[in-house]
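User: I'd like to learn how to read a few features off a model like this one. Can you walk me through it?

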Amino acid sequence: MQESEFRLGQRVHSAGDPRRIGTVRYVGPVQGYSGIWVGVDWDNGDGKHDGSINGVRYFHANSERSGSFVRTHNLSSGISLIEALRVRYQGDSTKEEEDEMYVLSASNKRVSIQLVGKDKIQDKLSRFEELTGASLSFLGVSSPGLSSENGSLLPNLKELDLTGNLLSDWTDVGTICKELPTLAALNLSYNLMASDIVGLPQLKSIRILVLNNTGVNWTKVEILKNALPAVEELHLMGNSISTIDPYSSFTVQGFDSLRLLNLEDNCIADWKEILKLSLLRSLEQLHLNKNNLSLVFYPDEDMMHELSRSCESHEKTDKPFQNLRCLLLGGNNLEDLASVDALNSFPKLVDIRLSDNPVADPGRGGIPRFVLIARLAKVEILNGSEVNLVFCVFHDHIVTDSQ
């Protein structure tokens, strides 16, 4: 490998271990050692120092032991998407590799898929043409490859999982989507995406985009929005998002087809940030598990007036969260019953998660499940379990409970 192939900010992995991924923070000499070294800040923190050695600082690592210096021959700058397809689907595979053939779902759960091995392919290129879904997770993909090949080899590919690779340039993402005309679902989780979003064309076919643990904050989402006119699901888990920052108004506009927004495992503490999403007309599912929310409320008329005044497309008949059916609030800091009661004001809300909140934990002063059900007049699914009718009287209410 040529030394010049490594540059600052480049994503790399250890040679022979595409799961050990890091970012190049330094290229050059190190005092007391011969030759050229590459300073890498490892994602998993598996390094030796913080970017300094023998009292000399070469770069600033993310933690005290996430940095290390590596010889160039011990690093890989990755392979193209086309090469990864051939490695995954046309090469020899071990039993262990076959056992690990899975797609990382939008919720970061493993979903097993059928291995397309060479024993099942008579005409390999023909089989590529038949592929509708491909998992290329943790293979060191760093570029699209020959763009003219992608569409001809994969004319029917609808789902592509690129979890844990070396992609960072949005231009490469645009190229991949452009050359795969039928692509509808793209998973880029655990690729550290660049802060500058340039060179991204309209991704008109993308319906599901997964950007978990990619460093994408809401400011970047507002830029991406213009390239995603048909997106129906957007997953943004684990991106340290604390604020929702609309581009030109108080409320988020656009996203006309967005049905599911996943903001789990972020840092949102103020419910007013969530209210900025309240006028997304198509929004049916909002996932807010594992944030820092301590209060939930439904906006009153005065607040609604302020919300609607900032939204050009808002109509007087629109209500906040008018089509929201599922609201997941597990693992937050909700303590008061007022937040529970406020959920009754959401017009169509029937699927609610409150587990791992103080208000839903009797051991922390909260109330039991059957009381929660009594207070939630329209609930059909609570904490992932269907609510079935059991007729009994509890404080003049008909109480429902699950089996």
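**Reading the model, step by step**

Analyst: Sure. Keep in mind that this is a predicted model. Let's begin with the inside: the largest cavity has a volume of about 30 Å³.

User: Which residues line the largest cavity, and how do they divide into nonpolar, polar and charged?

Analyst: The lining includes Trp 170, Val 173, Leu 188 and Ala 227. It divides into 9 nonpolar residues, no polar and no charged.

User: On to the sheet. What is the order of its strands?

Analyst: The open sheet of 5 strands runs S6-S3-S2-S1-S7, with antiparallel pairing. Strands S6 (67-70) and S7 (75-76) stand at the edges with a single partner strand each, so one side of each has no neighbour in the sheet. Further in, S2 (residues 17-30) and S3 (residues 33-42) pair over 7 bridges; Thr 23, for instance, has Asp 41 in S3 as its bridge partner.

User: How many aromatic pairs are there?

Analyst: A search of the whole structure finds 7. To read one, check the ring centres and then the planes: over 60 degrees counts as edge-to-face. Tyr 26 and Phe 69 have centres 6.1 Å apart and planes at 85 degrees, so that pair is edge-to-face. It links strand S2 to strand S6, 43 residues apart.

User: Is Phe 69 buried or exposed?

Analyst: Buried, with a relative accessible area of 14%. Phe 69 also forms an edge-to-face pair with Tyr 58, at 5.2 Å centre to centre. Ring pairs link Tyr 26, Tyr 58, Phe 59 and Phe 69 into a cluster.

User: And where does the charged end of Arg 20 sit?

Analyst: Over the ring of Trp 42, 3.9 Å from its centre.

How values were computed. Residues numbered from 1 in each chain as written. Predicted model: local features only at pLDDT ≥ 70, side-chain atom pairs only at ≥ 80, totals over all residues. Heavy atoms only, no water. 1 Å grid on protein atoms, 1.4 Å probe; cavity = no way out; pocket = protein on both sides within 12 Å on 5 of 7 lines; lining within 4 Å. Points joined across faces, edges and corners; volume = space filled by probe spheres on them. Nonpolar A, V, L, I, M, F, W, Y, C, P; charged D, E, K, R; others polar. Pairing = 2+ DSSP bridges. Helix = DSSP H or I, 4+ residues; strand = E, 2+ residues; numbered from the N terminus. Phe/Tyr/Trp six-rings, centres within 6.5 Å; stacked < 30°, edge-to-face > 60°. Buried < 20%, exposed > 50% of the residue type's maximum accessible area, 1.4 Å probe, protein only. Lys NZ or Arg CZ within 6 Å of the ring centre and 35° of its normal.
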